[in-house]
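Work through the exercises below with the sequence and the coordinates side by side, and try each task before reading its solution.

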Amino acid sequence: MGLRRFTTPRPPREEQCELCGVQLAGERHRHLVDIDKRALVCACGPCSQLMDRSGASPGRFRAVPGRFLSDAGHRIDDQAWETLRIPVSVAFFFRNSALDRPVALYPSPAGATESELEEEAWRSVLDATRLAAHLEPDVEALLLRRHEGRTECFLVPIDLCYELVGRMRLHWQGFDGGAEARADLDALFTHVRGLAREPQGSRS
């Protein structure tokens, strides 16, 4: 299954832990990143704690954190965005430890589309936001949106980014996504703004 759960429509069904098979109550549950397969895995609480090795030696699974951070004072301007060569207004970036390189993805009618990211472009993003120092490889991403003349910058759980991709694919119409997709995108970013906090110890 992996990331396909966020990028293809499917009939409603009872979610199950993909490690032990127990049913997962409610819509929200923990996710693990399977480093070897580059996939998301649904997990119950006990399995998540058992399989997560992020605090010790690197293992196959890492739990996706639930934190949301914001950086209102970032310096990602129009010039920096142009160097990224992203054809739409939303993108997310994370460090893939298996590939040992940064990955840039953006939503499209076909799902998550990877953009060829040059080291200089990646560095322009990292140098322009203090969130880069907090970013955990594989499980967290920098989520950027170019909107109304400025760029918003957040650190978010990686599963939210793939949820965003799935929602955009589901509602996408025409060349630019259409009104329904834009409304869904607005709603998601409103949700992120409500959860995001400035990093502790940061200065404005």
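**Exercise 1. Examine the hairpin of S8 and S9, and follow the pairing on both sides of its turn.**

Begin at the turn: the hairpin of S8 and S9 has two residues between the strands, and Glu148 there takes a positive phi near 50°. The model is a predicted one, in which local features need pLDDT of at least 70 and side-chain atom pairs count only at pLDDT 80 or more, while totals for chains, interfaces and linings use all residues. Residues are numbered from 1 along each chain as its sequence is written, and side-chain values use heavy atoms, with hydrogens and water left out.

Next, take the strands themselves, which, like the helices, are DSSP runs numbered from the N terminus (H or I of at least four residues for helices, E of at least two for strands). S8 and S9 run antiparallel and are joined by eight bridges, and His147 has Arg150 as its bridge partner in S9. Strand S9 (residues 150-157) has seven of its eight residues buried, where buried means under 20% relative accessible area, exposed means over 50% and partly exposed lies in between (1.4 Å probe, protein chains only).

**Exercise 2. Place this hairpin in its sheet, and identify the edge strands.**

Two strands count as paired if DSSP finds at least two bridges between them. On that basis, an open sheet of six strands has the order S4-S9-S8-S5-S6-S7, with antiparallel pairing. Strand S4 (69-70) and strand S7 (111-115) stand at the edges with a single partner strand each, so one side of each is left without a neighbour in the sheet.

Then check individual pairs. S4 and S9 are antiparallel and share two bridges, with Phe154 in S9 as the bridge partner of Ser70. Strand S5 (residues 90-96) and strand S6 (residues 101-108) are joined by five bridges and also run antiparallel; here Phe93 has Ala104 in S6 as its bridge partner.

**Exercise 3. Which residues of helix H3 are buried, and what covers them?**

Within helix H3 (residues 119-126), the buried residues are Ala121, Trp122, Val125 and Leu126. Seen down the axis of H3, they fall within an arc of 140° (taken from the directions from the helix axis to the C-beta atoms), so they line one face of the helix. Their cover includes helix H2 (78-84), S5, S6 and strand S8 (140-147).

**Exercise 4. Describe the surroundings of Leu164, then the nonpolar cores.**

Start with the location: Leu164 is found in helix H4 (residues 158-171) and is buried, with a relative accessible area of 0%. Leaving aside neighbours within four places in sequence, Leu164 is in contact (heavy atoms within 4.5 Å) with Val90, Leu143, Leu185 and Leu188.

Now widen the view to the cores, each a set of buried Ala, Val, Leu, Ile, Met, Phe, Trp, Tyr and Cys residues joined through side-chain atoms within 4.5 Å. The largest nonpolar core has 29 residues, of which Phe92, Phe94, Leu143, Val156 and Ile158 touch the most other members. Two or more residues each come from S5, S6, S8, S9, H4 and helix H5 (178-195), and H4 gives the most, with seven residues. Apart from this core lies another, of 22 residues, among them Ala121, Leu135, Cys153 and Leu155.
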